[in-house]
Amino acid sequence: MPCTKSMTLTQDAVDDFRAAIIKNYKERARIFPWRKTRDAYKILVSEMMLQQTQTLRVVPKYEAWIEAFPDAPSLASAPFSDVLAYWNGLGYNRRAKYLQEACREVCTFYGGKFPRERKLLESLPGIGPYTAGAVAAFAFNKAEVFIETNIRSVFIFFFFGNTYEKVSDAEILPLVERTLDKTNVREWYWALMDYGAELKKRVQNPSQKSAHYVRQSPFRGSLREARGAIVRQLTEKKSATLSEIARSERISLSRLEKAASRLLEERFVCETKGVYRIRED
């Protein structure tokens, strides 16, 4: 059911779209531990972990995390080095820092319980429009409109299949709102995400038509690799010099120095006489 960018969906088109999405969901619904809870904290953990990380990698990390930090107060009070130890392997360590900072604010201002309102969720550290909308939808079944990579793929595939122009999220979001099942928000978004995941197995990634599509740069040889190596070594060994990390990780000292400078600026680590540690304050 392709459409032009100015086309308004008819009710028949909405019904046909919903039917296709739900049929796939009934046949191929994925099962994840975070789909078995309505706890906003646990859902936020899953959403932060799932950013730029494959679901199969996330499942064991999520389960270990929830066992170690079952609620916002336990995460808020944990040493940051312990937090990083459980995050190790997921990459983008800022997410772990933001997650702990968000929990600290929730404990300070909301008695350890996450607020239901999207604007309040979005005001917490590291929580953007998508994550706030997802937590509101999955924890509280609120009819929030949001978009992520699988949802984006579905709408581009169904409604922009015949266009050769790049498609912006601003053009997709009205369609997300128009087709949203407001009575069963959780399952509707799960169904969209599962259809998007299935699409990637069958066709060329529709998200490549997105105006926001960016091919991720190689990890090997990047500053991200050096950052991850420093954090991993300091989490495991508690303290180390950059020369020691360079020998263990086989990464050039110059690249580690650049990464360490960034980590110091971001207050991830501290340094005394050339010895680095995870910063706890």
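**View 1. The hairpin of β2 and β3.** In this predicted model, β2 and β3 form a hairpin with two residues between them, and Lys273 in the turn has a positive phi of about 50°. Strand β2 (residues 269-272) pairs with strand β3 (residues 275-278) in the antiparallel sense over four bridges, where strands are DSSP runs (E, at least two residues) numbered from the N terminus and pairing requires at least two DSSP bridges. Cys270 has Arg277 in β3 as its bridge partner. Residues are numbered from 1 along each chain as its sequence is written, local features need pLDDT of at least 70, side-chain atom pairs count only at pLDDT 80 or more, totals for chains, interfaces and linings use all residues, and side-chain values use heavy atoms, with hydrogens and water left out.

**View 2. The buried residues of helix α10.** In α10 (residues 169-179), the buried residues (under 20% relative accessible area, 1.4 Å probe, protein chains only) are Asp169, Ile172, Leu175, Val176 and Thr179; helices are DSSP runs of H or I with at least four residues. These residues lie on the same side of α10, because they cover an arc of only 120° around the axis, taken from the directions from the helix axis to the C-beta atoms. Among the elements that cover them are α1 (11-28), α9 (149-159) and α11 (185-202).

**View 3. Thr37 in its loop.** Thr37, found in the loop between α1 and α2 (40-50), is buried, with a relative accessible area of 17%. The side chain of Thr37 reaches the backbone nitrogen of Asp39 at 3.0 Å. Leaving aside neighbours within four places in sequence, Thr37 is in contact (heavy atoms within 4.5 Å) with Lys42, Ile43, Tyr62 and Phe138.

Note on methods:
Buried < 20%, exposed > 50% of the residue type's maximum accessible area, 1.4 Å probe, protein only. Polar contact = N/O pair within 3.5 Å; in protein donor to acceptor, adjacent residues only side chain to side chain.
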